[in-house]
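Hi,

Here is the structure I said I would pass on. Have a look at it first, and my notes come underneath.

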Amino acid sequence: MAMGRLLLHAGPRVLRERRGRISHCLIRRTFFGYPLTKAGSGLVQQTKGVFLRFCRPQSSTTAADATGEDTLLKWGLLLVPLSAFCLGTWQVQRRKWKLDLIAQLASRITSEPIPLTLDPMELKELEYRPVKVRGHFDHSKELYILPRSLVEPEQEAKAATRLMSHPENGANVITPFYCTDLGVTILVNRGFVPKKKLKPETRLKGQIEDEIDLTGVVRLSETRKPFVPENNIEKNRWHYRDLQAMAEVTGAEPIFLDADFTRTALHDADIGLTPIVLAGSTVPGGPIGGQTRVSLRNEHMQYIITWYGLCATTAFLWYRKFVQKIPL
């Protein structure tokens, strides 16, 4: 009898303690309004009270999740140096392609001149190719592309008579050229003049009127680049090569040549030249020819250094954190 009373008094206390120990891994759920209890055996039972389901300890789940996150982070971050390495290798190939293209253009400019063709489809394939024409200039319709800086001519021609003693900003003089053998007028970039020689009356000695043989490099029309001003046709200030607009203003065909640097020798007592006309484009006292810039944008070396540097840095940090286990 005494044992029964002891159990009666101690039973609720033991039950409360047992419930307290397992309450952290029990959850309450219902199914269509009926409380359900899932016991450890996996059987689902209806109960009149709260239904409880035993679960794994919370600490074990947290550790597993953390391990999965670390694995995902580890291999996810490895993609950074791998991607940087691939991009750097791609830029190496791009640089090789660009250097080959520049070399091809440079060799094309120095190739043997061919007669100028008027076929528009053939002209598109002749950019940077030297051609030869014969005719005379119409200096009354000069156009000016500016600002421009001097492109240094060939080394052996540095001692020739020039309009200036040192490079400075100026303009390129575009002059209509009537081709007597073709019967058409084209546009010729005669070359560079400094600002003080922009007006034709300041360089009358170079305004050649004779018929000459001229060699030039075929150039195609340009599109306006960002931040480049629009051409001002009324003020005769051109900032990029718009062949269609230039042709309409001058009445010429939309064919454009950059004159080469070959000097044209005319009678000039001051410098002792012989009184004959030779084939060439640069006239003493006139614009300096040879202003073709064979310069393609080539910044691939900077990109190579950037991508390979990023690859090396991120690979080193990944190694320290995930292999050496050193906190960053």
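Below is what turned up, going from the aromatic rings to one helix and then one loop residue. Keep in mind that this is a predicted model.

**Aromatic rings**

Searching the whole structure gives four aromatic pairs. One of them is Phe85 with Tyr308: the ring centres are 5.7 Å apart and the planes sit at 40 degrees, so this pair is tilted. Phe85 belongs to helix H2 (residues 58–109) and Tyr308 to helix H5 (residues 300–322), so the pair ties together parts 223 residues apart in sequence. As for burial, Phe85 is partly exposed at 45% relative accessibility, and Tyr308 is partly exposed too, with a relative accessible area of 29%.

Then there is Phe137 with Phe177, an edge-to-face pair with 4.9 Å from centre to centre and 70 degrees between the planes. Here the partners come from strands: Phe137 is in S7 (residues 130–137) and Phe177 is in S9, so parts 40 residues apart in sequence are tied together. Both of these Phe residues are buried. Phe137 has another partner to look at, as the charged end of Arg190 sits over its ring, 4.9 Å from the centre.

Trp75, Trp318 and Phe322 make up one aromatic cluster. Phe322 also has a charge over its face: Lys321 lies there, at 5.6 Å from the ring centre.

**Helix H4**

H4 covers residues 243–250, and its buried residues are Leu243, Ala245, Met246, Ala247 and Thr250. What do the buried residues of H4 pack against? The answer is a set of strands: S8 (143–149), S9 (169–179), S10 (184–194), S11 (212–219) and S12 (256–259). S9 is also the strand that holds Phe177 from the edge-to-face pair. After H4 comes Gly251, which has a positive phi, near 75 degrees.

**Thr117**

Last one: Thr117 is in the loop between strand S6 (114–115) and helix H3 (120–124). Is this residue buried or exposed? With a relative accessibility of 16%, Thr117 counts as buried, because the cut-off for that is under 20%. Its side chain reaches the backbone nitrogen of Asp119 at 3.2 Å, and the Thr117 side chain also makes a polar contact with the side chain of Glu122, at 3.3 Å. If you leave aside neighbours within four places in sequence, Thr117 is in contact with Glu122, Leu123 and Leu126.

Cheers

Terms used:
Residues are numbered from 1 along each chain as its sequence is written. This is a predicted model: local features need pLDDT of at least 70, side-chain atom pairs count only at pLDDT 80 or more; totals for chains, interfaces and linings use all residues. Side-chain values use heavy atoms; hydrogens and water are left out. Buried means under 20% relative accessible area, exposed over 50%, partly exposed in between (1.4 Å probe, protein chains only). Helices (H or I, at least four residues) and strands (E, at least two) are DSSP runs, numbered from the N terminus. Contact means heavy atoms within 4.5 Å. A polar contact is a pair of N or O atoms within 3.5 Å; within protein, one must be able to donate a hydrogen and the other to accept it, and residues adjacent in sequence count only if both atoms are side-chain atoms. Rings of Phe, Tyr and Trp (its six-membered ring) pair if their centres lie within 6.5 Å; planes under 30 degrees apart count as stacked, over 60 as edge-to-face and the rest as tilted. A charge sits over a ring if NZ of Lys or CZ of Arg is within 6 Å of the ring centre and within 35 degrees of the ring normal.
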